[in-house]
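I opened this entry to record what I looked up, going from the ligand to the sheets and then to the turns.

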Amino acid sequence: MTLRLGDTAPDFQAETTVGPISFHEWAGDNWTVLFSHPSDFTPVCTTELGYVARLAPEFARRGVKAIGLSIDPVTSHEGWLADIKETQGYAVNFPIIADPDRKVANLYGMIHPAHDEVYTVRTVFVIDPKKKLRLFITYPQTTGRNFDEILRVIDSLQLTDAHRVATPVNWQPGEDVIIVPAVSDDEARGKFPDGWRALKPYLRLTRQPGAAEPAKQ
Ligand code: BEZ
């Protein structure tokens with residue numbers, strides 16, 4: 001199955017390091033980051049899982065639950081988790097799916113046979129509380145992901161869901177945002193009382209809703 005943005009994230013039942021789960025029920029009303037690993041006891045994945053564990057307060061602040069996936073069984077995951085804590089200094093505090101028959105990997109298109117017929121690529125999915133796919137990025141097995149970027153995209157998605165704005169290139173929280181072209185100037189005057197800078201009629205920058213006012217010079 002080819003998944004596209006806006007599709008419903010496929011539901012599944014799976015064994016995990018915290019017991020069996022039904023994915024949609026486990027996700028509940030949260031945002032979810034589902035990310036795959038080629039297999040257990042691999043070096044890049046070890047660093048990624050440690051880093052995501054370290055980001056737990058950042059995930060919680062945004063209402064996001066993390067869940068990893070690797071094709072090895074739970075008994076193998078458990079041994080690997082001890083190594084992650086030892087080498088990365090953070091205990092993995094979210095479930096890791098065991099997917100030995102590649103059921104979930106195939107459902108989410110995580111096996112790219114021309115890259116590797118057996119092991120999953122490194123895909124990360126961001127799923128919203130309505131279970132819609134909002135982002136996926138696929139990395140090769142030899143490149144570790146940038147989870148700060150995943151948080152940045154979640155910040156953008158949560159902001160743009162709440163306000164009629166978009167975020168420009170390399171945007172970071174607190175920086176100016178773009179008023180979406182579908183909002184007329186008349187409507188924008190009501191929604192963005194601080195006004196905006198129009199570089200072009202279609203490119204209007206305004207202060208991020210909710211961001212602190214810049215300090216007076
Ligand atoms: C890793 O996950 O660390 C890895 C997987 C395949 C090749 C190289 C590294």
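**Ligand shell.** I began with the residues around the ligand in this predicted model, and the list I obtained is Pro38, Thr42, Pro43, Val44, Cys45, Arg122, Gln141 and Thr142. Sorted by class, the shell around the ligand holds 4 nonpolar residues, 3 polar and 1 charged. I then asked which element gives the most to this shell, and found that helix H2, residues 43-54, does so with 3 residues.

**Polar contacts of the ligand.** Next I looked up the distances to oxygen atoms of the ligand, taking the three residues in turn. For arginine 122, I noted a polar side-chain atom at 2.8 Å from a ligand oxygen. For proline 43, the atom concerned is a polar one of the backbone, and the distance to an oxygen atom of the ligand is 3.1 Å. For threonine 42, a polar side-chain atom lies 3.2 Å from a ligand oxygen. I also noted how much of the ligand is covered: on its own the ligand has 260 Å² of accessible area, and the protein covers 75% of this.

**The sheet of 7 strands.** I turned to the strand order and wrote down S2-S1-S5-S4-S3-S6-S7 for an open sheet of 7 strands, in which the pairing is mixed. At the edges I found strand S2 (21-22) and strand S7 (133-139), each of which pairs on one side only. To see both senses of pairing I checked two pairs of strands. Strand S4, residues 64-70, runs parallel to strand S5, residues 96-98, with 3 bridges between them, and leucine 69 has isoleucine 97 in S5 as its bridge partner. S6 and S7, by contrast, pair in the antiparallel sense over 6 bridges, and here I noted threonine 138 in S7 as the bridge partner of threonine 123. As a reminder to myself, strands of a sheet pair through backbone hydrogen bonds, in either sense.

**Helices on this sheet.** Which strands does H2 lie across? I found strand S3 (31-37), S4, S5 and strand S6 (122-127), with H2 running at about 160 degrees to S3. Helix H6, residues 147-162, also packs on the sheet, where H6 touches S3, S4, S6 and S7, and the direction of H6 makes about 155 degrees with that of S3.

**Positive phi values.** I then searched the loops for residues with an unexpected backbone angle, bearing in mind that most residues other than glycine have a negative phi. Arginine 102, which is not a glycine, has a positive phi of about 60 degrees, and I placed arginine 102 in the loop between S5 and helix H5 (103-107). Lysine 131, likewise not a glycine, has a positive phi of about 75 degrees. Where does lysine 131 lie? The place is the loop between S6 and S7, two strands that form a hairpin with 5 residues between them, lysine 131 being in the turn.

**The sheet of 4 strands.** Last, I looked up a further open sheet, of 4 strands in the order S8-S9-S11-S10, with antiparallel pairing. Strand S8 (165-166) and strand S10 (197-200) are the edge strands, each pairing on one side only. S10 pairs with strand S11, residues 203-206, over 3 bridges in the antiparallel sense, and arginine 197 has leucine 205 in S11 as its bridge partner. These two strands, S10 and S11, form a hairpin with 2 residues between them. Strand S9, residues 177-179, also pairs with S11 in the antiparallel sense, over 2 bridges, and for this pair I noted valine 177 standing opposite threonine 206 in S11.

How values were computed
Residues numbered from 1 in each chain as written. Predicted model: local features only at pLDDT ≥ 70, side-chain atom pairs only at ≥ 80, totals over all residues. Heavy atoms only, no water. Near = heavy atom within 4 Å. Polar contact = N/O pair within 3.5 Å; in protein donor to acceptor, adjacent residues only side chain to side chain. Areas by Shrake-Rupley, 256 points an atom, 1.4 Å probe, with all protein chains shown as cover. Nonpolar A, V, L, I, M, F, W, Y, C, P; charged D, E, K, R; others polar. Pairing = 2+ DSSP bridges. Contact = heavy atoms within 4.5 Å. Axes fitted to C-alpha atoms, helices over the stretch in contact; angles between N-to-C directions.
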